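Visitor: Could you walk me through this one? I'd like to hear the reasoning behind the labels.

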Amino acid sequence: MLLCLTPWWAVFAAAAISALFVGCLYVGVRGVPNRDDPAVIKQRFVRVGVASALALVVVGIAASVPALQRSDPTCPAPASAARWLGVAAPLPTDALLLALLLPPALTAVLFFGPLVHCWLDNEPLLSDPLLRESGDPAGGARLRRARNLLVGPLVEEWTFRACSCPLLSSAGYSDAQAVWLSAVLFGAAHIHHRYDAKVPWVAVLLQFVYTSLFGAYSSYLFLRTGLIYGPLLAHSFCNLMGLPSFGRVPGHRHAWGLAAAYLAGMASFVGLVVADARCRPRLFHSMFWAEAP
């Protein structure tokens with residue numbers, strides 16, 4: 001399969017994938033759905049499955065319509081569809097293991113403070129009331145857990161990373177441009193929570209910011225490793241941890257040590273990502289990311 005889109009067509013195709021993903025959640029739906037209702041969750045499992053299939057259709061159209069392609073000697077070499085989508089790559093065993101293990105390890109560095117917080121307070125990671133099972137007769141807690149930790153990460157990484165990032169990368173955008181374009185589309189795809197979760201616009205803006213930042217991180221992981229599995233594990237881990245409880249730090253009995261753990265985790269995370277992006281050590285042999293010779 002050959003992907004070498006013009007820049008504008010690449011952005012249009014990636015935006016179409018994002019619009020189809022959100023549209024599939026609402027087409028034919030009456031009223032405002034309760035996103036935590038078990039029946040709605042089950043219905044949305046089917047809907048995001050359809051959206052995932054449509055994202056693959058968009059990639060197929062982009063690869064097969066000559067009018068969308070550019071004639072440029074810098075175009076990437078043809079590769080299998082599996083490699084473009086990050087589901088398989090001819091990697092040595094050590095590179096494959098690194099691609100699987102380093103993304104969740106790096107994500108754990110970012111959450112070093114919250115992990116220390118849980119350890120000090122002897123709290124389970126599944127402390128979010130939406131994830132706790134509390135005798136819900138409809139199995140709502142289990143469905144929410146499946147949505148947050150399995151189905152959500154799987155379909156979002158497939159749609160916004162495996163299908164969208166190759167389109168942008170093939171168009172000649174730099175690594176940073178592909179990362180942030182994909183991130184903005186991912187953040188915009190969460191604005192619909194203003195409608196179904198009935199949250200104020202300030203909360204929607206905040207969610208747009210942190211989902212865009214996560215989208216940038218996940219896109220970086222996908223382009224850097226060339227595989228979808230690391231970003232998928234990182235996404236599930238982030239959903240497991242949730243947003244850090246910064247407000248609980250000042251009143252904690254170990255406030256200074258805990259604050260240091262939060263700062264150390266974030267500083268180490270930023271330092272590692274920046275160092276990797278600049279030095280580009282040969283680790284993963286990604287087809288999207290130029291590594292140092």
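Guide: What follows is a round of questions and answers about a predicted model.

Visitor: Let's begin with leucine 167. Why is leucine 167 called buried or exposed?

Guide: Its relative accessible area is 0%, and buried means under 20%, so leucine 167 counts as buried. Leucine 167 sits in helix α6.

Visitor: What is leucine 167 in contact with, leaving aside its neighbours within four places in sequence?

Guide: The list is Leu3, Leu5, Ala10, Ala13, Ala14, Ile17 and Ala62. There's also a spatial relation to leucine 85: the two are 82 residues apart along the chain, with their C-alpha atoms separated by 9.9 Å.

Visitor: What about the helix itself, α6? What makes you say that α6 is mostly covered?

Guide: Helix α6 runs over residues 140-170, and 24 of its 31 residues are buried. Helix α6 also bends, by about 45° at arginine 147. Just after the helix, glycine 172 takes a positive phi of about 90°.

Visitor: Why is glutamate 156 called buried, partly exposed or exposed?

Guide: Run the numbers again: glutamate 156 has 15% relative accessibility, and the cut-off for buried is under 20%, so buried is the label for this residue. Glutamate 156 lies in helix α6 too. Not counting neighbours within four places in sequence, glutamate 156 is in contact with Phe21, Arg161, Phe186, His190 and His235. As for phenylalanine 21, it is 135 residues apart from glutamate 156 in sequence and 8.9 Å apart in space, C-alpha to C-alpha.

Visitor: His190 came up there. How do you know whether histidine 190 is buried or exposed?

Guide: Histidine 190 has a relative accessible area of 12%; with buried meaning under 20%, histidine 190 is therefore buried. Histidine 190 is found in the loop between α7 and α8. Setting aside residues up to four places away in sequence, histidine 190 touches Glu156, Gln207 and Thr211.

Visitor: Now a residue in another loop. What makes alanine 67 count as buried or exposed?

Guide: Alanine 67 has 64% relative accessibility, and exposed means over 50%, so alanine 67 earns the exposed label. Alanine 67 is in the loop between α2 and α3. Threonine 6 is 61 residues apart from alanine 67 in sequence and 9.4 Å apart in space, C-alpha to C-alpha.

Visitor: On to the core. Which residues have the most contacts inside the largest nonpolar core?

Guide: They are Ile17, Leu106, Leu167, Tyr217, Tyr220, Phe222 and Leu223, in a core of 55 residues. The elements that give two or more residues to this core are α1, α2, α6, α7, α9, α10 and α11. The largest share, nine residues, comes from α1. In soluble globular proteins, nonpolar side chains tend to be buried together.

Visitor: What does isoleucine 17 touch, not counting residues up to four places away in sequence?

Guide: Isoleucine 17 touches Ala55, Val58, Val59, Thr159, Cys163, Ser164 and Leu167.

Visitor: What does helix α5 pack against?

Guide: The buried residues of α5 pack against α10 and α11. Those buried residues are Gly113, Pro114, Val116, His117 and Cys118. Just after α5, asparagine 122 takes a positive phi of about 55°.

Visitor: What makes the phi of arginine 280 worth a remark?

Guide: Most residues other than glycine have a negative phi. Arginine 280 has a positive phi of about 50° although it is not a glycine. Arginine 280 lies in the segment after α11, as histidine 285 does, and the phi of histidine 285 is near 55°, also positive.

Visitor: Why are arginine 280 and histidine 285 called partly exposed?

Guide: Buried stops under 20% and exposed starts over 50%, with partly exposed in between. Arginine 280 is at 22% and histidine 285 at 32%, so both fall in between.

Visitor: Last stop: how many cavities of 30 Å³ or more does the structure hold?

Guide: One, and the largest cavity has a volume of about 30 Å³. Its lining is Arg83, Ala89, Leu91, Thr225, Gly226, His285, Ser286 and Met287, which divide into three nonpolar, four polar and one charged.

How values were computed: Residues numbered from 1 in each chain as written. Predicted model: local features only at pLDDT ≥ 70, side-chain atom pairs only at ≥ 80, totals over all residues. Heavy atoms only, no water. Bend = angle between axes of the 7 residues up to and from the residue. Helix = DSSP H or I, 4+ residues; strand = E, 2+ residues; numbered from the N terminus. Buried < 20%, exposed > 50% of the residue type's maximum accessible area, 1.4 Å probe, protein only. Core = buried A, V, L, I, M, F, W, Y, C linked by side-chain atoms within 4.5 Å. Contact = heavy atoms within 4.5 Å. 1 Å grid on protein atoms, 1.4 Å probe; cavity = no way out; pocket = protein on both sides within 12 Å on 5 of 7 lines; lining within 4 Å. Points joined across faces, edges and corners; volume = space filled by probe spheres on them. Nonpolar A, V, L, I, M, F, W, Y, C, P; charged D, E, K, R; others polar.
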